[in-house]
Amino acid sequence: MTISLLAALLRQNHAVPLHVPGHQRGRGMEPLLRALWGTALAQDLSELPALDNLAQPTGVLREAQAAVAAVAGSDRAWFLVNGATGGLLAALLATLNPGDRVLVGRNVHRSVTAGLVLTGAKPVYLGVRVDPQWGLPLPVTKEVVAAGLAAYGDAKAVVLVSPTYEGLCSPLVEIAQCVHEHGLPLIVDEAHGSHFRYHPAFPVTALAAGADVVVQSWHKTLGTLTQTAVLHLQGERIAPERLSQALNLVQTTSPSYWFLAALERAGYQMAQQGQEIYERLLRWVNRYEWPLPRWQAPGIPQDPLRLTLGTWPIGLTGFELDELLQPQIMAEFPSGRSLTFCLGLGTTQAMLETLADRLNTIYTEYRHHAPLAPLSLPPSSNLQESPCSPRDAYFCPQVSVPLKSALNQISAETISPYPPGIPTVIAGERITESVIENLQYLKELGAEMVGAADPTLQTLRVCKV
Ligand SMILES: Cc1ncc(COP(=O)(O)O)c(C=O)c1O
């Protein structure tokens, strides 16, 4: 893989930068920031003649994107500077028209539901089973996708997340085949699986499984900067021009060249050293026996670098264990009954050692505590149609009502605990008893809830009907 973008960026050595950005190669930057970020500020540039233009790439950016597509195994790749979020919005905008029916995993990230607001598509949610011991959602199954396709002959696309935040994967090979037999495109949010291609111990990639559009949040697992992600296309079910056009609707006209060059170089790192790096990391990771159970679901492919440990056996919530580990150890994602750690390119043996020691100490202290009782979950249906589309709910006249009075009304807002960003309620859905209980439970746990007009959740915005 060539790295022409970074080389072009480093060649920019003009001494009189009379152009944006305003700090003009660091000269005008506030002194503390200049001291912190130093010479790298000289590369914080915009669309200079030799640097191409992300909105219509014909030069070094086009080459860099083509190189990343080749490394990742797609036909075409687009660099994203607004995270996987921008890619998911564009994927939906390129595929769906207002009023189109679309099958969407109910465990998708809130950026997909934002895409439903933008497109005006009508979702049918594909149900996910929540494990009562772990309180975590399992991936969408092939049977549920097949049931959705059989019941909704007018569907225009299928949108799934795989892997889940905890690293569990849907059977994408079978699902892609089934979706394609119905002549539809499969869009996969592979935000947490950008590294899968670079070692055979990882689950099959969405692209290798046959997905048409795949969005990878490179900053989550690869060696690049926060906000950087990649949108991939393969095959001919979706026109590349539509994706380019849609991305130009949702992305900035001034992308950071730090971001763009970081993506190119992260692709280069994977092409050159990916297998070797992961070989070493997996050897270390596999050595450890954790004192708490590890989230594994029989028959479901799983990312070995996503470590979700159950906290219920020692009577702790994930939030409580998280607090006990801080400030030295910072985990990724606490839930009511587990804590998830992201192991990755920067993880060392010493870090794993520290984690294991600390967990063993905590386990010894808490092991006689009564375990948390399994959850009693209401039955969930495989296919869920909302009374109203997310777009209609977003734009309809709305009113704030006390939480309890929202029962049976239609939500005008999408509210999610963050992380993981899977909505507890999506705009357009009916607010059931279990939605209210879940919102209260998450609030009590101390989860950060995003999307609500009233962050205290004492009131909810509902559609005025
Ligand atoms: C499954 C999933 N999809 C999409 C996103 C959005 O990614 P980004 O933060 O890169 O925009 C996230 C972020 O947490 C996510 O977990």
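Here's a short tour of the pockets and cysteines in this predicted model.

**Stop 1: the largest pocket.** Select Val130, Leu377, Thr424, Ser434 and Asn438, the lining residues that lie nearest its centre. You're now looking into a space of about 1400 Å³, with 46 residues lining it. Next, colour helix H15 (433-445), strand E9 (333-334) and strand E11 (383-385): each one supplies at least two lining residues. H15 gives the most, with seven. Try colouring the lining by class too, and you'll get 24 nonpolar, 14 polar and eight charged residues. Then highlight domain 1 (274-366) and domain 2 (386-463), since the lining draws at least three residues from each.

**Stop 2: the second largest pocket.** Jump to Thr85, His109, Arg110, Ser111 and Ala114, which lie nearest the centre of this one. Its volume is about 630 Å³, and 33 residues line it. Show helices H4 (83-95), H5 (110-119) and H9 (218-221), each of which supplies at least two of them. Which helix gives the most to this lining? That's H5, with six residues. By class, you'll find 17 nonpolar, 12 polar and four charged residues here.

**Stop 3: the cysteines.** How many disulfides does the count come to? Zero. Pick cysteine 169: the nearest cysteine sulfur belongs to cysteine 342, 14 Å away. Cysteine 169 counts as buried because its relative accessibility is 6%, under the 20% cut-off.

Now move to cysteine 396, where the nearest cysteine sulfur, that of cysteine 463, is 3.1 Å away. A disulfide needs the two sulfurs within 2.5 Å, so this pair doesn't make one. Cysteine 396 is buried as well, with a relative accessible area of 18%.

Conventions
Residues are numbered from 1 along each chain as its sequence is written. This is a predicted model: local features need pLDDT of at least 70, side-chain atom pairs count only at pLDDT 80 or more; totals for chains, interfaces and linings use all residues. Side-chain values use heavy atoms; hydrogens and water are left out. Buried means under 20% relative accessible area, exposed over 50%, partly exposed in between (1.4 Å probe, protein chains only). On a 1 Å grid over the protein atoms alone, a cavity is a set of points where a 1.4 Å probe fits but cannot get out, and a pocket is an open set with protein on both sides within 12 Å along at least five of seven lines; lining residues have an atom within 4 Å of a point. Grid points are joined across faces, edges and corners, and a volume is the space filled by probe spheres set on the points. Helices (H or I, at least four residues) and strands (E, at least two) are DSSP runs, numbered from the N terminus. Ala, Val, Leu, Ile, Met, Phe, Trp, Tyr, Cys and Pro count as nonpolar, Asp, Glu, Lys and Arg as charged, and the others, Gly among them, as polar. Domain bounds come from an automatic or database domain assignment.
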